[in-house]
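Student: Please take a close look at the contact surfaces in this model. I would like one connected account of how the parts meet.

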Number of protein chains: 4
Amino acid sequence: MSAPDQPGAPVRFGLIGTGRIGQVHAGSIARLPDAVLTHVCDPLVDGARKVAAAHEGARVSADAAEVFADERVDAVIVASPTATHVDLLAAALEAGKPVLCEKPIDLDLSRVDALRERAAEAPVPVALGFNRRFDPHFAEARGRVAAGEIGRLEHLQITSRDPAPAPAEYLRSSGGIFRDMTIHDFDTARFFVPDIVSVQASGGNVFSEEIAGIGDWDSVAVIMRGRGGEFITITNSRHSAYGYDQRLEVFGSEGLIEVPNVGDTTVRLHTAAAVESRRPYQNFIFERYAEAYLLELAEFIRLVRGEESRSPGFEDGRAALVLALAAEESARTGRTVDVDL
Amino acid sequence: MSAPDQPGAPVRFGLIGTGRIGQVHAGSIARLPDAVLTHVCDPLVDGARKVAAAHEGARVSADAAEVFADERVDAVIVASPTATHVDLLAAALEAGKPVLCEKPIDLDLSRVDALRERAAEAPVPVALGFNRRFDPHFAEARGRVAAGEIGRLEHLQITSRDPAPAPAEYLRSSGGIFRDMTIHDFDTARFFVPDIVSVQASGGNVFSEEIAGIGDWDSVAVIMRGRGGEFITITNSRHSAYGYDQRLEVFGSEGLIEVPNVGDTTVRLHTAAAVESRRPYQNFIFERYAEAYLLELAEFIRLVRGEESRSPGFEDGRAALVLALAAEESARTGRTVDVDL
Amino acid sequence: MSAPDQPGAPVRFGLIGTGRIGQVHAGSIARLPDAVLTHVCDPLVDGARKVAAAHEGARVSADAAEVFADERVDAVIVASPTATHVDLLAAALEAGKPVLCEKPIDLDLSRVDALRERAAEAPVPVALGFNRRFDPHFAEARGRVAAGEIGRLEHLQITSRDPAPAPAEYLRSSGGIFRDMTIHDFDTARFFVPDIVSVQASGGNVFSEEIAGIGDWDSVAVIMRGRGGEFITITNSRHSAYGYDQRLEVFGSEGLIEVPNVGDTTVRLHTAAAVESRRPYQNFIFERYAEAYLLELAEFIRLVRGEESRSPGFEDGRAALVLALAAEESARTGRTVDVDL
Amino acid sequence: MSAPDQPGAPVRFGLIGTGRIGQVHAGSIARLPDAVLTHVCDPLVDGARKVAAAHEGARVSADAAEVFADERVDAVIVASPTATHVDLLAAALEAGKPVLCEKPIDLDLSRVDALRERAAEAPVPVALGFNRRFDPHFAEARGRVAAGEIGRLEHLQITSRDPAPAPAEYLRSSGGIFRDMTIHDFDTARFFVPDIVSVQASGGNVFSEEIAGIGDWDSVAVIMRGRGGEFITITNSRHSAYGYDQRLEVFGSEGLIEVPNVGDTTVRLHTAAAVESRRPYQNFIFERYAEAYLLELAEFIRLVRGEESRSPGFEDGRAALVLALAAEESARTGRTVDVDL
């Protein structure tokens, strides 16, 4: 971890995993002047090579152990499949390298808990890839709530609907909608109300027999309560005919802060039939949250450098999983599930 | 019931109760060319006299029995306190007079059920005062859903927040937030998804210790499911810093129909600080739903005349109460409550 | 003029002209508790009879002289064809009856000027039917400008587009687009900037050869300047594919006040193609300005009663005509035309 | 011009002028994978050095002649003061290097015309820096008009208001508001209606005595007509209390396409006073048109490579100047000025 010792030197990154999300991180590194990609790792070494090609001097390997052993790597990004996260996090802690790990830490809480103490005591920071905290729209809302513009927070409403479900093959091993999709919303909930104490949820299949067939739900609704009595409501659907729907409403004692959807342009067409905005919402994660991914990495660099940082950490990753499991239990049993984060 | 026999003759109304809502109905009668107010009744006979003064030839009485006995009354509007509704409905049925009764029928389901069979078998119609079904904004949404514009309905979201709580004295006997306030939203839910099968709810006090003190909640969140799996979510607050908040979102397989709030004018001010609409939302029930009250009465006149009518009836009043009681039970026990309407 | 002497007694109206606009005024009288229609006059006496039928005790005549001679008439509304306005105004002044006259006073300035002195010296008030001043949206904008919310007014932009042109037969005798259609916008301009000193205009035919054939333009653009240097821009079209377009923007030293169009409901549909509001704008004058007509009459009643009133008067009618004629001259010659109102 | 001969090789740029706009172009080159900055020139050689520092291997010079002589330069960007444009364009044509020149070509039409024939006959392309054509919002509007979504274009309305005037020192030599500020809007007008035949304009000072003192106007309004009769209206102000105001409305036979302002986020605050969007508009040129600058350069690269390109050229630069001069004449004389582009 030499970079932070030389003030101003760019942070040298090792990237593990070069799928879609790994590529996004590589792109962010290219755009940030104080980041450089020096090592790219993927068992599918061709993917690693492709990503490395755009980064002068980047080393390529197929084995993550080489990343952790590489002295030219100041910090690691874990963008490999979920099942590998816990082991790679453990390796990063052992190697003393700061790590940004994609969510979720794991689908299994016991595996997460097995790492919990080590993460808490490690001298290097662990950041979790909850990128929505860095979305400029959500972050502005959060900042204005913190500034007291709506007084005391009373109710947070999260609407989150994907354009279309992932392929059945993916869904079969995703851990179910709560751990796969709602997990982002659980973290967004905690971005506003960190200490949540109870969860009620309902799951259903309103459009997809295929998803029902693999034992998952295509839609869910959740009511949670904060320790201060705050209400949090979440609704999810794995499809949305009108595009990626990502909205917040934060109700407070003095007002409401609303984050509507984000469009590509402001153009509106008025005809005899209607007033309309075409292609209303940005298509999906990588378009809607493009800037969030960049800002997430910038924030992680501050964390690596020991500066003040808003990066969510290991406990945030664990808390989102606890809420997902509680929601699943509530949806199965019909009972409110109490949690203690 | 002579009016319907003379096609074109205005329906002659007897009005029982001349509080705020009774006055609204009297005003609607004055504006509708095919309605006339011929009898006004209130034990506080001064109130009855005041209302009658603006209606040429209207008789005044202090005893509802006189209204039911009055041959010049074709139909009755019951706008008296909730506790009197069941008896007045029974009297109307016995007198053979069509009746429009304010909601709720009663706070006690057993008293409602005691009247259920008689209402079903009566030769004259009973309409319930769920005026929101007639709001032009909600009604347009309902019509467009029925026309298939969003495909199959998957999720209905209702946001309903009052500007400020009623006085504690009123709240003490209101039957609680579910039977007093959410009851409107339960009917709106059934306007879109008539057959609801389960209810989950959470109640809390996020702003008012006074309301907590009388054993009621100031805010609630509800998840319901329709027989076809449809999701319905409702959130209520007894206060809203930014004005009366009455919104719908109807998500379907092909799109989303949204009913935002309604403002007085379209004027917007742009300054260095902000783009803003002043006095954003219409203040409260009688302003926001002014047109709905008028259209509700027009629809009841069609019902009285034996024409096709969209007026909600006795069973709708009962169903809303069943849902309110189920929500209360769920909020108290933390369990999902199944219902069979 | 006995009514004003008896405080509280309704003003008794004589209505001359029972075409579309005359019927609107009759409807407003019916809705205002302090107005009553006692005399209806039209050479097409059947029209007068029809209107009178809904007003108990209203007398019918075919000759306007009978209205002016009627002692039961406190004030007169002139809603007859433009060519009759000057004579009827003169008769009203002679009879000592306050009069509300539809715009324009006349197409010919010399005829207006011939009446000017008499109107100024008359003991009874003359009001002109520039109803837009009473539109709640425009009036709120005007009030907020007057309250200083945007500082000093720098530029007023008026967009005014009719859904479709009137029949060619009407257009042939309308006096041309400036005196027939833009005249409303000239008055709206003076509502915000009373003292206008110069006019530049351009007229063209961008969609209708028929209108070109009768020597009129189907579209115009106007730049005017106020005595304080203020800019006023007006654009008109005799058609609008997307509905009646009636908008204002008022730019000031401290901000912008905008009056967008007015829709019937707030409902929005979101689909894969677009976010849209159906039936976006209220169809035409009688729908868009329904409330303005009512408020215009209420304001005239205040004028009749000698109370403070915002009703525009004879000089406002004359000024709008002067601006229309100046615009026409500018459009024909290509030169800026100076005016002194 | 070797780059186009080697397909895929990045275009090597020489940049002349390293003020604010030159720095923006250098930044765009850094972000475009198929562009590289190889020569940076500014008589203030420190500025050139600073810009070059971020571009590996970029040569620095103080004399533009060295750029034109540099074999490693495939294309030149002229971002120096207006007075130098004509000579630098001439030098680029002589050196056979494609050139992107900032607007305006010159303040003096005769100097532009002296170069006109040479520019037309040159084997290398000249592009003009009218970046608004590449703004995604404006470009979408243009594309949808071209696709026939509003039928035949009837009227284009351009609203363009700067947040605050440039310093008086700059304004003194800017050539006046029409050649300095409206020139962008003249090009935007021609983006939609290329062949404009007449110009009416009015100039005034509604807020700044300082600007009046140097003989310039602080606000203008313009009416132009296209050869097909189309109306074009432009309003400008050198200040805008509520932020940078850049809007279009395009009215056609079948509808209206509107381009409202662009905000930073979608966040809205609702309080008892208002519904508001804070920091509503992007601050000024370099923020509002950030993406346009990037796309402008990408389009110029296509032009350099001989591919199909939408880059505006020399004649577009000349036409905008002709319109600016016509507007100035009209504003001074009060007469409509005919033009033949």
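Tutor: What follows goes through three interfaces in turn, beginning inside one chain and then passing to the contacts between chains.

The model is predicted. Chain A is divided into domain 1, residues 11-124, and domain 2, residues 132-338. The C-alpha centres of these two domains of chain A lie 25 Å apart. In the contact between them, 32 residues of domain 1 of chain A meet 24 residues of domain 2 of chain A. The two domains of chain A bury about 2400 Å² between them, with 76% of that area on carbon and sulfur atoms. On the domain 1 side, K103(A), L107(A) and R116(A) supply 24% of the area buried against domain 2 of chain A, more than any other three residues.

R116(A) also takes part in a salt bridge, its side chain meeting that of E315(A) at 2.9 Å, N to O. The count of salt bridges between domain 1 and domain 2 of chain A is three, and five residue pairs, both members at pLDDT 80 or more, are in polar contact across this interface. The elements of chain A that each supply at least two residues to the domain 1 side are strand 1 (11-16), helix 1 (20-31), strand 4 (75-78), strand 5 (99-101) and helix 5 (109-121). Helix 1 of chain A gives the most to that side, with seven residues. By class, the domain 1 side that touches domain 2 of chain A has 21 nonpolar, two polar and nine charged residues.

Next comes the interface between chain A and chain B. Here 41 residues of chain A are in contact with 41 residues of chain B. The buried area between chain A and chain B is about 3000 Å², and carbon and sulfur atoms give 53% of it. E154(A), V206(A) and F231(A) supply 18% of the area that chain A buries against chain B, more than any other three residues.

Two salt bridges are found across the interface of chain A and chain B. R247(B) forms a salt bridge with E249(A), where the closest N and O atoms are 2.8 Å apart. Polar contacts between chain A and chain B number 16 residue pairs, both residues at pLDDT 80 or more. On the chain A side, the elements giving two or more residues are strand 7 (153-161), strand 8 (196-204), strand 9 (219-226), strand 10 (231-237), strand 11 (245-252) and strand 12 (255-259). Strand 9 of chain A gives the most to the side that touches chain B, with six residues. That side of chain A divides into 12 nonpolar, 19 polar and 10 charged residues.

The last interface joins chain C and chain B. This contact takes 28 residues from each of chain C and chain B. Chain C and chain B bury about 2400 Å² between them, 46% of it on carbon and sulfur atoms. R144(C), T266(C) and V267(C) lose the most area to chain B, together 24% of what the chain C side buries.

Across the interface of chain C and chain B, zero salt bridges are found, and zero residue pairs, both at pLDDT 80 or more, are in polar contact. Helix 6 (136-146), strand 12 (255-259), strand 13 (268-271) and strand 14 (274-278) of chain C each supply at least two residues to the side that touches chain B. The residues on that side of chain C comprise 10 nonpolar, seven polar and 11 charged. Strand pairing does link the two chains: strand 13 of chain B, residues 268-271, runs antiparallel to strand 12 of chain C, joined by four bridges. T271(B) stands opposite G255(C) in strand 12 of chain C.

How values were computed: Residues are numbered from 1 along each chain as its sequence is written. Chains are lettered from A and ligands numbered from 1 in the order in which they are written. This is a predicted model: local features need pLDDT of at least 70, side-chain atom pairs count only at pLDDT 80 or more; totals for chains, interfaces and linings use all residues. Side-chain values use heavy atoms; hydrogens and water are left out. Contact means heavy atoms within 4.5 Å. Buried area is the accessible area (1.4 Å probe) that two parts lose on being put together, summed over both. A salt bridge is a side-chain nitrogen of Lys or Arg within 4 Å of a carboxyl oxygen of Asp or Glu. A polar contact is a pair of N or O atoms within 3.5 Å; within protein, one must be able to donate a hydrogen and the other to accept it, and residues adjacent in sequence count only if both atoms are side-chain atoms. Ala, Val, Leu, Ile, Met, Phe, Trp, Tyr, Cys and Pro count as nonpolar, Asp, Glu, Lys and Arg as charged, and the others, Gly among them, as polar. Two strands pair if DSSP finds at least two bridges between them. Domain bounds come from an automatic or database domain assignment.
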